[in-house]
Amino acid sequence: MAANAELADAPPDVDLTELAARIRAGDGAAESQLMSRFMAGVRVLLRRHAGRTPIAIDDLAQDVLGAVLEQLRKGSIRDAAALPAYIRTSAMHRLHAEQRAQKAVAQSHESIDTEDARLVATNAHPADELDAARKARQVRELLNSLPVARDREVLQRFYLNEESCESICAALDIEADHFRRVIHRARTRFREILTRAGLSPDNE
Amino acid sequence: MNMPGSDPMSRWLEEVWLSRYLDRELKDDEHAWFEAYMLDKPHILEQVDADTRLRDGLAQATDVSKRIGSAQPARSSAAAGTAKRSPGLAIAASLLLGLSIGALIPGMRGGGTDIVASPPRIVFDTLRGESTATLSEPGGAGSKLLIVDIATSLDSPILAANAWIDGKQTALPTPVVSSDGFITFVVPADWQRRARIELEMGIRPKSSKVSFQL
């Protein structure tokens, strides 16, 4: 589902204390409200922290909120105002557990000596992979087309190398006070180029 | 920054927090607090998700770029070889290299640090009825991978692909024929001279098998 569409579906706020009380009383509609209210946020959070780990975001978000609902039904979460923090912590724990599990699987693959054994089919459909490769190539070309070389450099250092602001400022001779303006401008320029090319990150 | 309570902040204050969040300027406890705060705020989530997708797009683009072989010492010879071939082949090979490495070697997926140092490449042309390599590029020393390009007819669908290594059969993912009529495999470099790739082409039951000695 497109990110914007799923975010637009989020329902208006309902008092969390009231919502938690209704869930504890067995109100199914209140459970649906809670899921609708936080589902998009949990997905966004998981996507942000998953990085390059291929995670089934929707399944994981369902698991997270399912477990939170279970706790609410049992009345284990007493301070409903702390519910968002509880959901966030649950999501991070669940994500880290998933990442650890995937790392273990990857290491077990690595422990097999023969190169032949690496030729294991993946879940990705070849057409999806081709599409991803094509898009990646386009994004790379567009990045290279940024007219200001420093924009490219800033974006790569900030997003890909995850360098600190201080490190980027030192390397590119940018005043620390100006960094936010520089990164904002680079981001905006790149997003405009992507949008013109029909690859807007806002509408994937 | 002082963390407000759980009540919604004014929009301008949210913008300040969001800006600092995206610029990674928040401390750990502030970062965690803001992520909890934004969970049911669609207008904030939208901007955070757009930033995440921008980051992921850049990362993916860079991964493919690295895999296409940017190691400098071996680049000149590979580039010279590429220049002699049709642009279509070069494009097809570049595209499918990124695809096939991801498709064939799970250990490299998402790792982001493995760079394919100008791998050797061999090209077959089934259209000429030959199953021996028509072009062979040595590539960079130490590359663990071998690229196999096969020109094929767009009219003959590929039904299956298998590799025979030292007499043992291994099923390969069914290749996708590029619009230029090429399929590409990325296989371990030590398959060269000891393995062959076998394609089943056509339409069953009248399909035919073609072998390519690596």
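A residue counts as partly exposed when the number of other C-beta atoms within 10 Å of its own falls between the exposed limit of 12 or fewer and the buried limit of 20 or more. Keep that in mind for the first view of this predicted model.

**View 1. Ala160(B) is a partly exposed residue in a strand of chain B.** Welcome to strand S4 of chain B, which covers residues 158–165 and holds Ala160(B). Ala160(B) has 16 C-beta neighbours inside 10 Å, so it counts as partly exposed. Leaving aside residues up to four places away in sequence, Ala160(B) touches Thr174(B) and Glu200(B). Look for Met201(B) as well: it is 41 residues from Ala160(B) along the chain, yet their C-alpha atoms are separated by 7.4 Å.

**View 2. Chain B runs through helices and then strands.** Stepping back, you can count five helices and eight strands in chain B. Starting at the N terminus, the order is α-α-α-α-α-β-β-β-β-β-β-β-β. Chain B has 214 residues, and 38% of them count as buried. Among its contacts between residues at least 6 apart in sequence, 66% join residues at least 24 apart.

**View 3. The largest nonpolar core draws on both chains.** This core has 32 residues, and Val42(A) and Ile87(A) touch the most other members. Chain A gives two or more residues from each of helices H2 (16–24), H3 (28–50), H4 (57–74) and H5 (83–110), while chain B does so from helices H1 (11–22), H2 (28–38) and H3 (42–67). The largest share, nine residues, comes from H3(A). Now find Ile87(A): not counting residues up to four places away in sequence, it touches Phe38(A), Val42(A), Val64(A), Val68(A) and, from the other chain, Leu39(B). Another core, of 21 residues, lies apart from this one, and its members include Phe124(B), Ile150(B), Ile165(B) and Ala195(B).

**View 4. Helix H9 of chain A has a buried side and exposed residues on the other.** H9(A) spans residues 179–196, 18 in number, and reaches 26 Å from its first C-alpha to its last, close to the 26 Å expected at 1.5 Å a residue. Its buried residues include Val182(A), Ile183(A), Ala186(A), Arg187(A), Phe190(A) and Leu194(A). These cover an arc of only 125° around the axis, so they sit on the same side of H9(A). On the other side, look for the exposed Arg181(A), Thr188(A), Glu192(A) and Arg196(A). Just after the helix comes Gly198(A), with a positive phi of about 75°.

Technical notes: Residues are numbered from 1 along each chain as its sequence is written. Chains are lettered from A and ligands numbered from 1 in the order in which they are written. This is a predicted model: local features need pLDDT of at least 70, side-chain atom pairs count only at pLDDT 80 or more; totals for chains, interfaces and linings use all residues. A nonpolar core is a set of buried Ala, Val, Leu, Ile, Met, Phe, Trp, Tyr and Cys residues joined through C-beta atoms within 7 Å. Helices (H or I, at least four residues) and strands (E, at least two) are DSSP runs, numbered from the N terminus. Two residues are in contact if their C-beta atoms, placed from the backbone, lie within 7 Å. The expected span of a helix is 1.5 Å times one less than its number of residues. The arc is that of the directions from the helix axis to the C-beta atoms.
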